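Colleague: I would like to learn how to read the overall form of a chain before turning to its strands. Could we go through it feature by feature?

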Amino acid sequence: MPSIAHASFSIGDVVRHRMFDFRGVIFDVDPVFDNSEEWYAAIPADIRPRKDQPFYHLLAENGESSYVAYVSQQNLVLDDSEEPIHHPAIAGLFTGYEAGRYRLRREHRH
C-alpha cells in the first residue's frame with residue numbers, strides 16, 4: 001500500500017509557485033495526482049513532479065491574466081505578501097480575505 005501524503009496547505013490559503021511567477025488561492029485538494037496523463041506528460045521530465053503527493057487546484061494570477069492552475073505540493077509555498085488575489089471567480093467561492101487567507105462560502109463546505 002502506498003504511503004499517505006499529508007496536505008501542507010488548506011482551502012483558502014494563498015500560495016505562490018516556487019519556480020514560476022504566479023500565485024493563487026487554493027479551492028480544492030487532490031490527495032494524489034488526479035489529472036490526465038496527457039497533462040502530466042506535457043511537463044518537461046526534468047521538472048515533472050511526483051504523482052504520490054497532494055495536488056492543488058488554484059484560482060491563479062500572474063501579471064497578465066487570471067486562470068485555474070493545478071500544482072503539486074512540492075512546487076508551492078505560502079505567500080506572505082498579505083496581498084489579496086484578484087481572480088474573477090473569488091467571489092463565487094469565498095466570502096472574504098483576512099489574515100492571509102480566504103473563507104470558503106458556507107454553501108461550498110462539506
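Colleague: What does the radius of gyration say about this chain, set beside the value for a compact globule?

Modeller: The general idea is to compare the value with the one expected for a chain with that number of residues. In this predicted model, the chain has a radius of gyration of 14 Å, which agrees with the value near 13 Å that a compact globule of 110 residues would have. Along the principal axes, the C-alpha trace spans about 35 × 35 × 25 Å.

Colleague: How many of the residues count as buried, and what supplies the exposed area?

Modeller: Burial is read here as a relative accessible area under 20%, and by that cut-off 38% of the 110 residues are buried. The chain exposes about 6900 Å², of which carbon and sulfur atoms supply 52%.

Colleague: Which share of the contacts joins residues at least 24 apart in sequence?

Modeller: If we take the contacts between residues at least 6 apart in sequence, 53% of them join residues at least 24 apart.

Colleague: In what order do the helices and strands follow one another?

Modeller: The chain has two helices and seven strands, and read from the N terminus on, these elements run β-β-α-β-β-β-α-β-β.

Colleague: Which way do the paired strands run, and where does E1 find its partners?

Modeller: A useful general idea comes before the pairings: in a regular strand, the side chains alternate between the two faces of the sheet. In this structure, strand E1, residues 14-17, pairs with strand E2, residues 23-30, in the antiparallel sense over three bridges, and a hairpin of five residues joins E1 to E2. One register point is Arg-16, whose bridge partner in E2 is Arg-23. E1 also pairs with strand E5, residues 76-78, again antiparallel and over three bridges, with His-17 having Leu-76 as its bridge partner in E5.

Colleague: How many bridges join E2 to E3?

Modeller: Seven bridges join E2 to strand E3, residues 55-61, and the two run antiparallel; to fix the register, one can start from Val-25, whose bridge partner in E3 is Leu-59.

Colleague: Finally, how far apart are the mean positions of the positive and negative charges?

Modeller: The chain carries 11 positive and 17 negative charges, and their mean positions are 5 Å apart.

Note on methods
Residues are numbered from 1 along each chain as its sequence is written. This is a predicted model: local features need pLDDT of at least 70, side-chain atom pairs count only at pLDDT 80 or more; totals for chains, interfaces and linings use all residues. Side-chain values use heavy atoms; hydrogens and water are left out. Helices (H or I, at least four residues) and strands (E, at least two) are DSSP runs, numbered from the N terminus. The radius of gyration is taken over C-alpha atoms; the globule rule is 2.2 Å times the number of residues to the power 0.38. Buried means under 20% relative accessible area, exposed over 50%, partly exposed in between (1.4 Å probe, protein chains only). Contact means heavy atoms within 4.5 Å. Accessible areas come from the Shrake-Rupley method with a 1.4 Å probe; for residues, only the protein chains shown count as cover. Lys and Arg count as positive and Asp and Glu as negative; His and the chain ends are not counted. The place of a charge is taken as NZ of Lys, CZ of Arg, CG of Asp or CD of Glu. Two strands pair if DSSP finds at least two bridges between them.
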